[in-house]
Amino acid sequence: MKKITKRLLAGGAACAFAFAALSLSCTRVQVQGSAATAFADTSKPAVTIPADSLKVIEALQSSFRSISSGVLPSVVEIDVTEKKEVQTMNPFDGWPFDFFFGNPNGERDSDSKNRKREYEQKGLGSGVIVKRTGDTVYVLTNNHVAGKATNITVKLNDGQEFEGKLVGADERQDIALVSFDAKDAENVVVATLGDSDNVQTGDICLAMGAPLGYRQSVTQGIVSATGRSGDQIGNMNDFIQTDAAINQGNSGGPLVNIYGEVIGINTWIASGSGGSVGLGFALPINSVKKAIDDFISKGKITYGWLGISLVDVTDDYKKELGVKGQKGAFASQVFLNSPAAKGGMQAGDFIIQINGKDVNSQSELIREVAYLPADKNAEFTVLRGGSKLSLTVKIEERSESVSNDNAKLWPGFIASPLNKKLRESLKVDDKVKGVAVTNVLEKSPAAALRIQNGDIITAVNDKKVTNLKEFYEALDLSRNKEIWFDVYNDGHTISTGKYKLN
């Protein structure tokens, strides 16, 4: 969204020549008879529109003018410079050059493969002014616009330019906050943030920014859909989809409703060509309001942490769990000593509600938990073994070092039902009962027990398991101080060592 190249096709001279040639040839044609020459008549309207209809159209046009004039002063262009590194190849590395020029043993320079050249890359995007404190003005934009910038220039709609400073950036939501200082900051226009929860499909909206470097551009369309997943671009948020034209350079600019309120931050487009095809996506403003204050006070966004690992599951998987047809999120694994574990949540729980709100998908639960404040209790409703349970969990602040620690993730693999296709793949007949092991994580409890992908768990603590429901019931962290598995592989069944849970 940042590498902008303006290409101006100069064909004026050729057009002028062609027109001149045509004019000359016309003067040589002898026209028989005469014809009246028509000229533009400016004394009457070009078309006749019924008065009532004209008033409606003029009112709509007047509205768009008012929205544009009111919001555009808060929309900025953001020019950035990033330092990049590229691997370089030295043509004089290796034999015979090393031998003759400083490496007499013929050994390659160990650093030659690590040589890198640094260069600067320029780009641009958009932003919207969301807050002003004294002489400091804050601009909301995308992380992919300014998150890695070494130099930032903020350009206002009146032509003023300011040196920008990165206040904070977040990759999970692809947002960033930039600040600049202005002596007359009280004259800087701050945008009004709306309520994106009220946005509905069909709402009229306007996208503003600097597409392809053309500042203060406005396009108009409707909200095509809401709640679009950001999984395909690695974003935890859902998105507002719009057919208002969004192009490279629009990133970070506002999506505005008919009341002149910012309802979203333009973030990405779905396009085979790289240009607008009517599939633009904006972050709902409600999902990033808290981030503005977090950036200012802490320089980062703080997220709530539950301490589970989620996976999407198929209908067959749900059937074995006993939750067929149920919407929710499946906790395939749980971190030992995490908020979830302390609150009684188990691997294998199917989460259907959080704080009384239905959970419809894995992505929805991730967002809801992320927005929860640390040290506050949250109420979860889960399905376990066909029964509904209510759990109270005290949320903690997310830490990357803790949330990425596979050594604490229990059991350290994903269990899969032994369906016909998997049996054929593993070459296991119907006599073998249990669950298949997939996605074993390095340094996890499963890895410590030498469990491998393709193994089949036939028993837990000497109790036979024939399906997913029985398997997860046997993993109960509250009733076991240690757990071991019977593992079938290639015609052999062995017992693992005992894993101490506390």
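**Strand β6 and its partners**

I began with the pairing of β5 (residues 161–170) and β6, which run antiparallel and are joined by 5 bridges. The model I am reading is a predicted one. For one register point I noted Ala169, whose bridge partner in β6 is Ala176. The hairpin of β5 and β6 has 4 residues between the strands, and there I found Asp174 with a positive phi near 55°.

I then looked for β6 pairing with β3 (residues 136–141). These two strands also run antiparallel, with 6 bridges between them. Here I wrote down Tyr138, which stands opposite Ser179 in β6.

Is β6 mostly covered or mostly open? I counted 6 buried residues among the 7 of the strand (residues 175–181), so I entered β6 as mostly covered.

**Helix α5 and the largest cavity**

Next I took α5, residues 289–298. Its buried residues are Ala291, Ile292, Asp294 and Phe295. I looked up what covers them and found a list that includes β2 (116–133), β3, β5, β6 and β7 (192–193). Gly299 follows the helix, and I recorded its positive phi, near 80°.

I searched for enclosed space and got 2 cavities of 30 Å³ or more. The largest cavity has a volume of about 50 Å³. Which element gives the largest share of its lining? I found that α5 does, with 3 residues. Lining this cavity are Gln173, Ser287, Lys290, Ala291, Asp294, Ile301, Thr302, Tyr303, Ala370 and Tyr371. Ala291 and Asp294 had already appeared in my list of buried residues of α5. I sorted the lining by class and got 5 nonpolar, 3 polar and 2 charged residues.

**The second largest cavity**

I gave the second largest cavity a shorter entry: it holds about 30 Å³ of space. Thr242, Ala244 and Ile246 are among its lining residues. Ile269 and Ala270 also belong to the lining, as does the run Gly275, Ser276, Val277, Gly278, Leu279 and Gly280. How many of the lining residues are charged? I found no charged residues there, with 6 nonpolar and 5 polar.

**The largest pocket**

I turned to open space. The largest pocket contains about 540 Å³. I listed 24 lining residues, and those nearest its centre are Arg172, Ile308, Leu310, Ile366 and Arg398. Two or more lining residues come from each of β14 (304–305), β15 (308–311) and α8 (362–370). Of the contributors, α8 gives the most, with 6 residues. By class I have 11 nonpolar, 9 polar and 4 charged residues in this lining.

**The second largest pocket**

The second largest pocket came out at about 330 Å³. I found 16 residues around it, with Ser196, Asp197, Asp238, Pro284 and Arg367 nearest the centre. Which elements supply at least two residues each to this lining? I noted β9 (217–229), β10 (238–242) and α8. I therefore have α8 down under both pockets. The class count here is 5 nonpolar, 5 polar and 6 charged.

**The nonpolar cores**

Last, I looked at the packing of nonpolar side chains. The largest nonpolar core has 54 residues, and Phe380, Ile457, Phe471 and Phe485 touch the most other members. I followed two of these.

For Ile457 I left aside neighbours within four places in sequence. The remaining contacts are Phe413, Lys433, Gly434, Val435, Val437, Ile451, Val465, Phe471, Phe485, Asp486 and Val487. I also recorded another core, lying apart from the largest one, with 22 residues, among them Leu140, Phe239, Leu283 and Ala370. Ala370 was already in my notes as a lining residue of the largest cavity.

Phe471 is in helix α12, residues 468–474. Why does Phe471 count as buried? I entered it as buried because its relative accessibility is 0%, and the cut-off is under 20%. Not counting residues up to four places away in sequence, Phe471 touches Phe413, Ala415, Val435, Ile457, Val460, Val465 and Phe485. I also checked Phe471 against Ala459: they are 12 residues apart in sequence, and their C-alpha atoms are 7.9 Å apart.

Terms used
Residues are numbered from 1 along each chain as its sequence is written. This is a predicted model: local features need pLDDT of at least 70, side-chain atom pairs count only at pLDDT 80 or more; totals for chains, interfaces and linings use all residues. Side-chain values use heavy atoms; hydrogens and water are left out. On a 1 Å grid over the protein atoms alone, a cavity is a set of points where a 1.4 Å probe fits but cannot get out, and a pocket is an open set with protein on both sides within 12 Å along at least five of seven lines; lining residues have an atom within 4 Å of a point. Grid points are joined across faces, edges and corners, and a volume is the space filled by probe spheres set on the points. Ala, Val, Leu, Ile, Met, Phe, Trp, Tyr, Cys and Pro count as nonpolar, Asp, Glu, Lys and Arg as charged, and the others, Gly among them, as polar. A nonpolar core is a set of buried Ala, Val, Leu, Ile, Met, Phe, Trp, Tyr and Cys residues joined through side-chain atoms within 4.5 Å. Buried means under 20% relative accessible area, exposed over 50%, partly exposed in between (1.4 Å probe, protein chains only). Contact means heavy atoms within 4.5 Å. Two strands pair if DSSP finds at least two bridges between them.
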